[in-house]
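Open the model in your viewer and set it to a cartoon display. We will go stop by stop, selecting one thing at a time.

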Amino acid sequence: MSGSIPGRALVVGGRGFLGRHIVTALCTAGFEVTSAVRTRCTPSALSNDAGEVALDLLASPARTLRAVLRATRPAVVVNCAGVVSGTAEQLADGNVVAPVRLLAAMTATAPTALYIHLGSAAEYGPSGVRINAVSPGPTRTEGTAAMGENLDALAAAAPAGRPASPQEIADSIVFLASQRSSFVHGAILPVDGGRVAV
Ligand SMILES: NC(=O)c1ccc[n+]([C@@H]2O[C@H](COP(=O)([O-])OP(=O)(O)OC[C@H]3O[C@@H](n4cnc5c(N)ncnc54)[C@H](OP(=O)(O)O)[C@@H]3O)[C@@H](O)[C@H]2O)c1
C-alpha cells in the first residue's frame, strides 16, 4: 500500500463490537475489506461491503490462517479479536497465543502487511496487574554493533540526535517496575530520543 491509496484490509474479529465499526469505516475509506469471523451466525449490527471468511485464531490450523492471508493478500491486518473475561488461561490464549499465531502466519505469507492490534490492559488491572510497554529507539548494543555509523544516521533525525545506551532503556524499565509508576496502566512509553514526537 502506498501513501493514502487504500488497499486490501483483513479485519480479524470483524463482527465484534469494535470490529464491525472498523470494518465499516475501512470500507467507507475505500479499502477492500475481508472480515474474518469466528461466529458467522451473529448478526452484524451494521451493513457493509466486506466479504467474510471463517477464522478462529486458536482453533483453526496454522495452514488455514496462512491460506486466509494468501487468499486475501492484505496490505493491512487489523486484529480486533480479543478476550475480555475468563480465566487467566483463557485471557492468555485469546490475547497472547492468538495474536502470536496470527503474526506467525503473517510472517510466512504476508510479511509486508501492516499489523494493527487492538488490545487493552483493562482486563488485568483490577487483579493488580499493570501492563505497560516500552518502545525503544535505535540503541547501541552488541546486536546493533554491526550497523556502525548507520545506527548514528538512523538516530540523527530524532531530537536526541544519537542512539540510546542500553542503560537508558533499562532505566525506563526500572521506572515502570517501581511503585513510582503505580498509576501508569496500559501505556506505551517511547524511549526513543523523541523519534515519534517529530
Ligand atoms: N470495547 C472496549 O471498550 C475496548 C476498550 C479497549 C480495548 N478493547 C479491546 O478491543 C478488542 C475488541 O473489543 P470488543 O469490544 O469489540 O470485544 P468483542 O465484541 O468481544 O470482540 C472480540 C471479537 O473477537 C472475536 N474472537 C475472540 N476470540 C477469537 C478467536 N480465537 N479467533 C477469532 N476471533 C476471536 C470474537 O468473536 P465471536 O463473535 O465469535 O465471539 C469477537 O468478535 C479486544 O481485544 C478488547 O480487549 C476494547
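Helices and strands here are DSSP runs, at least four residues for a helix and at least two for a strand, numbered from the N terminus. Keep in mind that this is a predicted model.

**Stop 1: the whole chain**

Colour by secondary structure. The chain holds five helices and seven strands. Follow the chain along its sequence, and the pattern reads β-α-β-β-α-β-α-β-β-α-α-β. Now show the C-alpha trace. Along its principal axes, this trace spans about 50 × 40 × 30 Å. The chain has 198 residues, and 26% of them count as buried. Take the contacts between residues at least 6 apart in sequence: 66% of these join residues at least 24 apart.

**Stop 2: two domains**

Select residues 8–119, which make up domain 1. Give residues 128–197 another colour, as they make up domain 2. How many Å separate the centres of domain 1 and domain 2? Taken over C-alpha atoms, the figure is 30 Å.

**Stop 3: the open sheet**

Find the sheet of five strands. Its order is β3-β2-β1-β4-β5, and the pairing is parallel. Which strands are at the edges? They are β3 (51–54) and β5 (114–117), and each pairs on one side only. Tilt the view: neighbouring strands of this sheet are turned by 20° against each other on average, direction ignored. In general, strands of a sheet pair through backbone hydrogen bonds.

Zoom in on β1 (residues 8–12) and β4 (residues 76–79). These strands run parallel, and four bridges join them. Pick Val12 and look across to β4, where its bridge partner is Asn79.

**Stop 4: helix α1**

Select residues 19–28, helix α1. Seven of its 10 residues are buried, so α1 is largely enclosed by the rest of the structure. Show these side chains: Gly19, Arg20, Ile22, Val23, Thr24, Leu26 and Cys27 are the buried ones. What do they pack against? The buried residues of α1 pack against β1, β2 (32–37) and β4. Step past the helix to Gly30, which follows α1 and has a positive phi, near 100°.

**Stop 5: Ala50**

Go to the loop between β2 and β3 and select Ala50. Is Ala50 buried or exposed? A residue needs 20 or more other C-beta atoms within 10 Å to count as buried. Ala50 has 23, so Ala50 is buried. Now list its contacts, leaving out residues up to four places away in sequence. Ala50 touches Gly14, Val23, Cys27, Val33, Thr34 and Ser35. Two of these names, Val23 and Cys27, also appear among the buried residues of α1. Draw a distance from Ala50 to Ala9, C-alpha to C-alpha. The two residues are 41 residues apart along the chain, and these atoms are separated by 9.6 Å.

**Stop 6: Arg73**

Move to the loop between α2 (62–72) and β4, where Arg73 lies. Most residues other than glycine have a negative phi. Arg73 is not a glycine, yet its phi is positive, about 45°. Arg73 is partly exposed, with 14 other C-beta atoms within 10 Å.

**Stop 7: around the ligand**

Finish at the ligand. It is surrounded by 24 residues. Which of them are the closest? Select Gly13, Gly16, Thr39, Gly82 and Ser120. Then colour the shell by class: 12 residues are nonpolar, nine are polar and three are charged.

Terms used. Residues are numbered from 1 along each chain as its sequence is written. This is a predicted model: local features need pLDDT of at least 70, side-chain atom pairs count only at pLDDT 80 or more; totals for chains, interfaces and linings use all residues. Two strands pair if DSSP finds at least two bridges between them. Axes are lines fitted to C-alpha atoms, for helices over the stretch in contact, and angles run from 0 to 180 degrees between N-to-C directions. Domain bounds come from an automatic or database domain assignment. A residue is near a molecule or strand if its C-beta atom, placed from the backbone, lies within 6 Å of it. Ala, Val, Leu, Ile, Met, Phe, Trp, Tyr, Cys and Pro count as nonpolar, Asp, Glu, Lys and Arg as charged, and the others, Gly among them, as polar. A residue is buried if 20 or more other C-beta atoms lie within 10 Å of its own, exposed if 12 or fewer, and partly exposed in between; C-beta atoms are placed from the backbone. Two residues are in contact if their C-beta atoms, placed from the backbone, lie within 7 Å.
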